[in-house]
Amino acid sequence: VIAAHATTVLPAPATQLEPRDLRADDRGRLVVTLDIPPGVHLQSHAPTEPFLIPTRLHLDPTADVTFGSVEYPTPHTQRFDWTPVQLDVYQGPVEFVVPITLAPTREGRAITITGYLRYQACTDSLCLPPAQHQVEAALNIEPQMIPDATRRGRLDQTD
Amino acid sequence: MNTTIPTTTTTTISGTYDLGDEIPDFALPATTGETVRLSDYRGRTVLMFFTTTWCPYCSAEAPFLEYEIWQRYRASGLQVLGIQVKENQQLAASFAEHHGWTFPVLVDGDGAVSEQFAPDKEGLPPEVAIINAHFIVGPDGTVVYREFLNMERFDARATHVRGVLDQLLGDEP
C-alpha cells in the first residue's frame, strides 16, 4: 500500500522556546519537534551513504537573535532488507535543539523566528522526494533588565 | 530459445506503456553532454531503468545494474540506459561516476519523458511512481517487460531482471 503523498507524510514540526519568557540579552534554546509517523523514516543529518539527503534545520538570520549550532538527534542505525548497507535514520518523535542568544535591547518587541526543516522520507513501501517544512516561532522579547550600577553610570554620563 | 517472459506483478497500473506497446522515440541529454535517442538503439534489446540520486533504493541497486546487468549482458547485445528523473546534469554525472556506471545515463530534467512511463499509483506524482521501474524494450521497439517498485519483491541485486534477460538473450553469458 502506498502510504501518502510527500506533503502529507509528515506533520508540520512544532516549535517551543525555552524558557518561554526570554528577555533581551538572555540565552535560551529553540526546540523544533518533528513527530515522524510509524512506518516512516528520514535520513539523518549525516547519512551513511553519499547522495542521500541529510535532514537539515535552517534558520533565517536575524539581527534580534544569534543562533548556535543545531544539535541534531541521535539517529538509529538500521539495516533494511533491500540494502546491504546500514543507514542512519530518524524515526518516531525527534527534537532539533538550537541554542539562541537574544540581542541586547532596551525596548521589548515581538519577533518571529523563521526557517525550514529539509528532509527526505521513506515509507515501508517507497521513498519520497526531498521536502521541506516551514518552521516558525513567535517570540515576545521583554525589555532588557539594566543593573542599577550600569544605569547609574549611564545617568552620570548624561549629567 | 524460451521467450516466455514473466509479466509484472503490479496489476493496478494505468497511464503507462503496456507490454507490446511501441515506445515512441524520445531524446534526452546524457551526462556526457551528447543527445541520446531511444531510436539510436533500434534493433537491440534495451533495458531502461528510472532512478534518482536521492533515492536509497536507487543507490542500493546501482552497483548491480553495472556489474550484474550491463557487464554481463552487453556482449549479448543488451543496451542499458539509465534515466535520471528530475535531476540536474551535474548531480546525475556525479552519481554515475560514484557508482562506476559505464552505460549511458540520460537526464530527464523536467521529468516529461519519465512521466510517459509512470504508472498511476494512488495519486503519487509520476516522478515518484516511476522510480526504480525497469522497462525492457525489444529490438522492434516494443515493451517486452516492465516492473515497477514493489517492496515485497524489491531486490537490489536485480535478480528478477537477470532472469528475464536470460530468457531474452540466452542464458547468462
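This is a short dialogue on reading a predicted model, from its confidence scores to its interface and one residue.

Student: Where should I start, and what are the scores of the model?

Tutor: Start with confidence, since this is a predicted model. The model scores ipTM 0.80 and pTM 0.83. For chain B, the mean pLDDT is 87, and 88% of its residues reach 70 or more.

Student: Where in chain B does pLDDT stay under 50?

Tutor: Over residues 1–13 of chain B, for which the model has 27 contacts beyond four places in sequence. Where pLDDT is low, the predicted coordinates should not be read in detail.

Student: How do I read the interface, and how many residues of chain A are in contact with chain B?

Tutor: Look at who touches whom, then at the area and its chemistry. Here 21 residues of chain A contact 21 residues of chain B. The two chains bury about 1800 Å² between them, with 77% of it on carbon and sulfur atoms. On the side of chain A that touches chain B, 14 residues are nonpolar, six polar and one charged. The rule finds zero salt bridges across this interface, and the count of residue pairs in polar contact, both at pLDDT 80 or more, is one.

Student: Now a single residue: is A:Gln134 buried or exposed?

Tutor: A:Gln134 counts as exposed because its relative accessibility is 52%, and the cut-off for exposed is over 50%. A:Gln134 sits in strand β11 of chain A, residues 131–141.

Student: Which residues does A:Gln134 touch, leaving out those up to four places away in sequence?

Tutor: A:Pro13, A:Gly115 and A:Tyr116. A polar atom of the A:Gln134 side chain lies 3.5 Å from the backbone oxygen of A:Gly115. A:Thr114 is 20 residues from A:Gln134 in sequence, yet their C-alpha atoms are 7.5 Å apart in space.

Technical notes. Residues numbered from 1 in each chain as written. Chains lettered and ligands numbered in written order. Heavy atoms only, no water. Contact = heavy atoms within 4.5 Å. Buried area = accessible area lost by both parts, 1.4 Å probe. Salt bridge = Lys/Arg side-chain N within 4 Å of Asp/Glu carboxyl O. Polar contact = N/O pair within 3.5 Å; in protein donor to acceptor, adjacent residues only side chain to side chain. Nonpolar A, V, L, I, M, F, W, Y, C, P; charged D, E, K, R; others polar. pLDDT = per-residue confidence, 0-100. Helix = DSSP H or I, 4+ residues; strand = E, 2+ residues; numbered from the N terminus. Buried < 20%, exposed > 50% of the residue type's maximum accessible area, 1.4 Å probe, protein only.
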